[in-house]
Amino acid sequence: MTIADLRCALVLVQPVQTAQSAAGVVRRAFTIAALIGLAAALLVGMGIASTLSRRLRGLHDAVGRVGAGGLEQDMPHDDARDEVGALTRAFAAMQGRVRRQEEARRAFVATASHELRTPIASLATVLELTEDDLRQEPPRLAEAVDGVVRARRQSERLAALARDLLDLSRLDADVALRREPVDVAESCRAVLSEFAERARERRLALGLEATAPAAMQERGHALADPVGVARIVRTLVENALRYTPEGGSVNMEIASRGHEVVVSVTDSGPGVRPEERETIFERFQRGSAGQGAAGFGLGLAIGRELARRMGGDLRVTDGPGGGARFELALPVGPQPPVGAASVDLARTA
């Protein structure tokens with residue numbers, strides 16, 4: 001700098017000991033802060049570890065109680081938004097699902113046992129009476145033949161119930177269904193051929209028509225399980241024939257509606273009451289028109305579960321003539337390659 005035309009310089013001098021002392025103060029401050037931070041971190045970590053350990057011990061004890069005492073034991077409630085809370089809620093949800101499945105299994109076994117008891121008792125009675133007829137001198141052959149016919153009918157009911165129970169067990173076990181293009185019209189024709197003789201015996205008109213043939217030719221394949229489709233259609237036709245009076249008609253219609261292929265089965269029977277249109281799709285439930293009729297109330301329940309497992313649905317509405325109209329809706333599938341071998345559903349179902 002310049003002062004009164006004189007160039008001056010200012011020199012500041014500080015002893016080295018002063019700088020070293022300042023550095024020591026800084027080092028001590030950092031050391032103390034680090035020790036305090038470490039102590040705080042240890043205390044917080046120990047608190048968190050203790051809390052996590054306590055929650056994990058509680059979860060472990062609860063799982064042990066469930067394993068030893070059954071599904072009725074309650075899981076701990078944990079709303080924490082961390083891994084332990086998520087694990088606890090997952091265990092609780094799994095326990096709820098298993099509990100509901102067990103309750104459904106118990107109800108199913110109890111109901112199935114009740115349904116099996118009636119035909120078995122009837123079969124035993126018929127066989128006992130038939131044996132008495134054959135032991136007579138001379139044997140009463142006419143009565144014995146009648147007993148054999150009734151026994152055969154009861155055995156057929158038992159076989160049908162066994163098939164339905166097997167189908168339900170597969171559905172409950174979540175057995176994977178096939179997903180492939182199914183020619184719905186061909187499936188329906190194969191099923192109708194099985195019931196043609198029964199329809200003629202009761203003088204019932206059994207017909208099939210496909211609306212919008214061009215659309216059906218282009219989009220008549222559904223993405224579904226071929227055996228499952230045949231199983232549902234067979235149930236619908238069998239029910240329609242059962243509830244249609246002699247001389248009536250059962251009509252099947254196949255249509256393409258948007259992204260669905262719809263199979264409709266319409267009968268000229270008594271129909272289904274509006275308040276029963278959901279009940280009839282429950283297991284072992286039948287509408288008022290089906291009370292006292294053959295069957296166990298399983299066909300429609302199996303049909304709806306199969307349809308929904310295939311991405312479709314099964315529903316019921318009023319028919320144009322006052323009867324019932326059941327509609328099976330399935331998702332439209334891709335067309336199979338030209339020349340692909342067709343499946344004989346009558347044999348594979």
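This report describes the fold, the nonpolar core and selected residues of a predicted model.

**Overall composition**

The protein chain comprises 349 residues, of which 32% count as buried. Its secondary structure consists of eight helices and nine strands. Among contacts in the protein chain with a separation of 6 or more, 68% join residues 24 or more positions apart.

**The core and its aromatic pair**

The largest nonpolar core contains 46 residues, and Phe326 and Leu328 have the most contacts inside it. Helix H6 (residues 226-243) makes the greatest contribution to this core, namely eight residues.

One aromatic pair is present in the structure. Its members, Phe281 and Phe326, are arranged edge-to-face, with 6.4 Å between centres and 75° between the planes. Phe281 belongs to the loop between strand E7 (260-267) and helix H7 (299-309), whereas Phe326 belongs to strand E9 (residues 324-331), so the pair ties together parts that are 45 residues apart in sequence. Phe281 and Phe326 are both buried.

Phe281 has a further partner in Arg304, whose charged end sits over the ring at 3.8 Å from its centre. Phe326, for its part, touches Leu236, Val263, Ser264, Val265, Val272, Ile280, Phe281, Leu300, Arg315 and Val316, when residues up to four places away in sequence are not counted.

**Helices H6 and H3**

Helix H6 is mostly covered, with 14 of its 18 residues buried. The N-terminal end of H6 is capped by Asp225, which places a side-chain oxygen 3.1 Å from the backbone nitrogen of Val227. The length of H6 can be checked against a rise of 1.5 Å a residue: its 18 residues should span 26 Å, and the end C-alpha atoms are indeed 26 Å apart.

Helix H3 (residues 141-172) has 32 residues; the distance from its first C-alpha to its last is 46 Å, close to the 46 Å expected at 1.5 Å a residue. The buried residues of H3 include Ala144, Gly147, Ala151 and Gln154 in the earlier part of the list, together with Leu158, Leu161, Asp164, Leu165, Asp167, Leu168 and Leu171. Asp174, which follows H3, has a positive phi near 60°.

**Two partly exposed residues**

Arg257 is located in strand E6 (residues 249-257), and Ala196 in helix H4 (residues 184-201). Arg257 has a relative accessible area of 36% and is therefore partly exposed, since that class lies between the 20% limit for buried and the 50% limit for exposed residues. Ala196, at 24%, is likewise partly exposed.

Each of these residues also has a C-alpha separation from a residue elsewhere along the chain, as tabulated below.

| C-alpha pair | Separation along the chain | C-alpha distance |
|---|---|---|
| Arg257 and Ala329 | 72 residues | 9.1 Å |
| Ala196 and Gly207 | eleven residues | 9.6 Å |

With residues up to four places away in sequence left out, Arg257 touches Val262, Ser264, Arg325 and Glu327. Ser264 also appears among the residues touched by Phe326.

Methods
Residues are numbered from 1 along each chain as its sequence is written. This is a predicted model: local features need pLDDT of at least 70, side-chain atom pairs count only at pLDDT 80 or more; totals for chains, interfaces and linings use all residues. Side-chain values use heavy atoms; hydrogens and water are left out. Rings of Phe, Tyr and Trp (its six-membered ring) pair if their centres lie within 6.5 Å; planes under 30 degrees apart count as stacked, over 60 as edge-to-face and the rest as tilted. Helices (H or I, at least four residues) and strands (E, at least two) are DSSP runs, numbered from the N terminus. Buried means under 20% relative accessible area, exposed over 50%, partly exposed in between (1.4 Å probe, protein chains only). A charge sits over a ring if NZ of Lys or CZ of Arg is within 6 Å of the ring centre and within 35 degrees of the ring normal. A nonpolar core is a set of buried Ala, Val, Leu, Ile, Met, Phe, Trp, Tyr and Cys residues joined through side-chain atoms within 4.5 Å. Contact means heavy atoms within 4.5 Å. The expected span of a helix is 1.5 Å times one less than its number of residues. A polar contact is a pair of N or O atoms within 3.5 Å; within protein, one must be able to donate a hydrogen and the other to accept it, and residues adjacent in sequence count only if both atoms are side-chain atoms.
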